[in-house]
Amino acid sequence: MPSEVLWYIIPREGAYPWEPEGRRPVDLGYLQQLAGTVERLGFSGALLATDLHDVWPLGSALAAATGPGFQPLLAVHPGLIAPTLLAKMALTFDTLFGGRLRFNVVNGSTRTLREYGLTVEHDERYELSAEYWSLVKRLTAGEVFDHKGRFYDLKDAGASFGDLKPVQTPHVPLWFGGSSPAGIEMAAQHVDVYLTWGEPPHLLEEKLDRVRERAAAHGRELRIGLRLHLIVRDTEEQAWAAADRLLDVTSDATYARQLGGRAGEDGVGWQRQFRQHGGRVPARARELETHPNLWPGMSLFRPGPGTAVVGSTAQVVERLKEYEALGVDTFILSANPLLEEAYRVAETVLPALRG
């Protein structure tokens, strides 16, 4: 049985939100309703991912509209906010909302970060991330210290926090995914939960073995989380028909943007995902099935995690349990539209998954 199952919340949402006609208007009341529903249905929280909208005002608005059962996992790029300021924001959040904050560490891509004035190449991003998050961990643990490193030179960091004290111990938890050797090394040393995108189990097992080996070399053990999209229906045929419809309603412009526009992507996770479909748009979704019920086709439409489990309730549960057997104890799930599918997954998949 998984220790945690989270849902996913993003303002641009709908039946197929990568197309304007498949997208709901951005509405705070609706998003707060969605967060409240996620909590009531028994999910332990939700990933608030990077998108057009910043996660901090969204996370604050949703935390204010929910109770202790809703723990927001905020996606944050290291280096865009000074580590001392980020720690102050985190401690404020936890003080106001009862210690519910978690960070999803996102290293992004060299091309994306240049827009924000941060020019660091692939491996250097992880060096920055390691230094940055080690500082945030110490600051959110209540330390006051000096630090002189490669990227940061801090004097009396945390001294101005006064009565702003930690709510969580030992620090605000860090969740992180990275598939390159540099990313795995950073995870092994610094994070609490290692996240990965969905892949065929034999490939994922190889990667998780490397993660555990590197963590053990530092005297640490990590929890393992898996980010997956679900297309679950009463029958397998209905589920694959729903995947086919996503192919049919997606415009040529979206395919070109998502595939051709990311030719220079330097993220190893994206490269591993791309290899599963090779940039080919099939006539029918099942042509890309890489493992029973496993479909990498979501990455044809949208950035980020692009693997879906497609099938009947029993098949989806079987695939999730297959990942559990590899040591995955945490799932971050999503399905479109987010509100309606949260009900479907909570009423069908979760009871069977939890036994």
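Biologist: Why are helix 1 (residues 28-40) and helix 2 (residues 55-64) called oblique to each other?

Modeller: Their axes come within 9 Å and cross at roughly 60°. Angles under 35 degrees count as roughly parallel, over 145 as roughly antiparallel, 65 to 115 as roughly perpendicular, and the rest as oblique. Roughly 60° falls among the rest, so helix 1 and helix 2 are oblique. Axes here are lines fitted to C-alpha atoms, for helices over the stretch in contact, with angles from 0 to 180 degrees between N-to-C directions.

Biologist: What kind of model is this, and how are residues numbered?

Modeller: The model is predicted, so local features need pLDDT of at least 70 and side-chain atom pairs count only at pLDDT 80 or more, while totals for chains, interfaces and linings use all residues. Residues are numbered from 1 along each chain as its sequence is written, and side-chain values use heavy atoms, leaving out hydrogens and water.

Biologist: What makes a stretch a helix or a strand?

Modeller: Both are DSSP runs, numbered from the N terminus: H or I over at least four residues for a helix, E over at least two for a strand.

Biologist: Is the crossing of helix 1 and helix 2 left-handed or right-handed?

Modeller: Helix 1 passes helix 2 in a right-handed crossing. The term applies if the near helix is turned clockwise from the far one by less than a right angle; anticlockwise is left-handed.

Biologist: What makes helix 2 and helix 3 (residues 83-97) roughly parallel?

Modeller: They pack at an angle of about 15°, with their axes 10 Å apart. That angle meets the cut-off for roughly parallel, so the label follows. The crossing of helix 2 and helix 3 is also right-handed.

Biologist: Why are helix 3 and helix 5 (residues 122-140) oblique?

Modeller: Their packing angle is about 40°, and their axes are 9 Å apart. The value is in none of the three named ranges, so oblique is the term. Helix 3 passes helix 5 in a right-handed crossing.

Biologist: How do you know that helix 5 is largely enclosed by the rest of the structure?

Modeller: Of its 19 residues, 14 are buried, so helix 5 is largely enclosed. Buried means under 20% relative accessible area, exposed over 50%, partly exposed in between (1.4 Å probe, protein chains only).

Biologist: What span is expected of helix 5, and what follows this helix?

Modeller: The expected span is 1.5 Å times one less than the number of residues. For the 19 residues of helix 5 that is 27 Å, and the helix reaches 27 Å from its first C-alpha to its last. Gly 142 follows helix 5, with a positive phi near 95°.

Biologist: How do you know that the span of helix 11 (residues 313-324) agrees with what it should be?

Modeller: Its 12 residues should span 16 Å, and its end C-alpha atoms are 16 Å apart, so the two agree. Buried residues in helix 11 include Val 316, Leu 320 and Tyr 323.

Biologist: Why is Asp 156 called partly exposed?

Modeller: Its relative accessible area is 44%, so Asp 156 sits between the two cut-offs. Asp 156 lies in strand 6 and has a positive phi near 55°.

Biologist: Why is Asn 293 called buried?

Modeller: Its relative accessible area is 3%, so Asn 293 passes the buried cut-off. Asn 293 is in the loop between helix 10 (268-277) and strand 10 (294-295), and phi is positive there too, near 70°. Most residues other than glycine have a negative phi, and most peptide bonds are trans.

Biologist: Which peptide bonds are cis?

Modeller: Thr 169 to Pro 170 is cis, with omega near 0°. Asn 336 to Pro 337 is cis as well, with omega about -10°. Pro 170 lies between strand 6 (153-157) and strand 7 (174-176); Pro 337 lies between strand 12 (330-334) and helix 12 (338-354).

Biologist: How many aromatic pairs are there, and what makes Tyr 132 and Trp 133 edge-to-face?

Modeller: The structure holds 11 aromatic pairs. Tyr 132 and Trp 133 are 5.1 Å apart centre to centre, with 80° between the planes. Rings of Phe, Tyr and Trp (its six-membered ring) pair if their centres lie within 6.5 Å; planes under 30 degrees apart are stacked, over 60 edge-to-face, and the rest tilted, so this pair is edge-to-face. Both residues are buried.

Biologist: What makes Arg 138 a charge over the ring of Phe 145?

Modeller: Arg 138 lies over the face of Phe 145, at 3.8 Å from the ring centre. The rule asks for NZ of Lys or CZ of Arg within 6 Å of the ring centre and within 35 degrees of the ring normal. Arg 227 lies over the face of Tyr 8, at 4.3 Å from the ring centre.
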